[in-house]
Every structure is written in structure tokens, then in C-alpha cells.
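Student: Please pick a single part of this model and give me a close look at it. I'd like to hear how it ties in with what is around it.

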Amino acid sequence: GAVLARVGEFVTLVTNVVEKHEGAVVDILSDTVMATFTGQDDAQHAVKAAQEIHARFGTLAEAWQNDFGIRAAVSMGLHCGDAVVGFAEDSPTPEQLFVFGDCVSVANRLLHRARAGEFVLSETLMDLATEMGVTIEAEELPPLEIPRRDPIKLFGVLIDPRLAFTQE
């Protein structure tokens, strides 16, 4: 019960922050939440949401540690690009928003590159957000290598000490 209640708190926090920054939560799988941001300022909104989730989760994690002895951290992967977004009318859950496409699988890979407490951004998203005036303290990371494609440059908002970076 305690763990499920914590997952509820986490999902609520993420959903509130994402919606505040004009995004939408599209998928929740266990303790992983996928959100999408569309429109002109999508990159800026995504980064601002990530920064706020990061900051607010710290408070939540501290309470969990003190009250329940649960250690937790949040990791994020941020990428932008074309995706198919919509509702499948003939599905058993017609209100379920679906998002899929190359940019979703890339974002998922970036999530797996991030260690606990970190977020990893693609250069594309980083550049767009920076152009919109968002300040991101990030370090360049080893690029994401995908067969038959140009490597994708990555940046990370990292925690110290950084010992080894997970390679996929």
C-alpha cells in the first residue's frame, strides 16, 4: 500500500507540472510517465517542466526517505521531432491518447541513458530551448549511436559524482 500511494503522489506531481507547462501526460507504465508538448514553444515548455519536476521531486523524495525509508530519484529523457498523436476510435479505450514515432523511441533511449536524478536531452531539443531563452546547465555526453543514422548529440543535467556513463 505504501509503495502504491507513493506512485500515486509521483504521477500526480508529474501530471500537475506537465499540464502547468501546457503539456499532456499520454502514457503511464508502472513508474514511467510519458508526456508530450506541442505547439510553438514546446521545447521551452518541456525543459521548464523537467526542471520543475526535478526540483519538486527532491522534496518528495526527502519525505519518502524520512517517513517510509524509501529511496527514490527521478530520471528523464527529452527529445523532439515528428510523432503520430491521436485517438484510436475503435479501441476499447477511445479516450486513450496515443503517441508513437521515431522521436518517442529516441526519448526512451535517452531516459535509459540518464542515471537516477539526471535528465538527458538531445542537441535538437537543447538548441531549440536555448533559442527560446531557457538556461540549461548541461554537459555534453557520448552521442547516441543508432545503426544507419547520424549519431545524436546528447547533453545531460548531471548529478555528482559522475563515475561512469551507461552506454547502450
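Tutor: Let's take helix 3, whose buried residues are Cys103, Val104, Val106, Ala107, Leu110 and Arg113. Buried here means under 20% relative accessible area, with exposed over 50% and partly exposed in between (1.4 Å probe, protein chains only). Some ground rules: this is a predicted model, where local features need pLDDT of at least 70 and side-chain atom pairs count only at pLDDT 80 or more, while totals for chains, interfaces and linings use all residues. Numbering starts from 1 along each chain as its sequence is written, and side-chain values use heavy atoms, leaving out hydrogens and water.

So what covers those buried residues of helix 3? The cover includes strand 2, strand 3, strand 5 (97-100), strand 6, strand 7 and strand 8. Helices (H or I, at least four residues) and strands (E, at least two) are DSSP runs, numbered from the N terminus. As a quick sanity check on the helix itself, its 12 residues should span 16 Å at 1.5 Å a residue, and the end C-alpha atoms sit 17 Å apart, which agrees; the expected span is 1.5 Å times one less than the number of residues.

Now the sheet. It is open, with 4 strands in the order 3-6-8-7 and mixed pairing (two strands pair if DSSP finds at least two bridges between them). Strand 3 (76-78) and strand 7 (139-144) are the edges and have a single partner strand each, so one side of each is left without a neighbour in the sheet. Ignoring direction, neighbouring strands are turned by 25° against each other on average. Strand 6 (residues 119-122) and strand 8 (residues 152-157) run antiparallel and are joined by 4 bridges; Leu121 stands opposite Phe155 of strand 8.

Helix 3 (residues 102-113) lies across strand 3, strand 6, strand 7 and strand 8, at about 125° to strand 7. Axes are lines fitted to C-alpha atoms, for helices over the stretch in contact, and angles run from 0 to 180 degrees between N-to-C directions. Helix 4 (residues 123-131) packs on the sheet too, touching strand 3, strand 6 and strand 8, and its direction makes about 85° with that of strand 6. Contact means heavy atoms within 4.5 Å.

Following helix 4 outward brings us to helix 2 (residues 42-68): the two pack at an angle of about 100°, with their axes 8 Å apart. That makes helix 2 roughly perpendicular to helix 4 (65 to 115 degrees; under 35 is roughly parallel, over 145 roughly antiparallel, and the rest oblique). Ala43, Gln44 and Val47 make the contact from helix 2, and Leu125, Leu128 and Ala129 from helix 4. Those contact residues divide into 5 nonpolar, 1 polar and no charged, where Ala, Val, Leu, Ile, Met, Phe, Trp, Tyr, Cys and Pro count as nonpolar, Asp, Glu, Lys and Arg as charged, and the others, Gly among them, as polar.

Back to strand 2, one of the pieces covering helix 3. Strand 2 (residues 32-37) runs antiparallel to strand 1 (residues 23-29), with 6 bridges joining them; Ala24 has Thr36 as its bridge partner. Their hairpin has 2 residues between the strands, and Ser30 there takes a positive phi near 60°.
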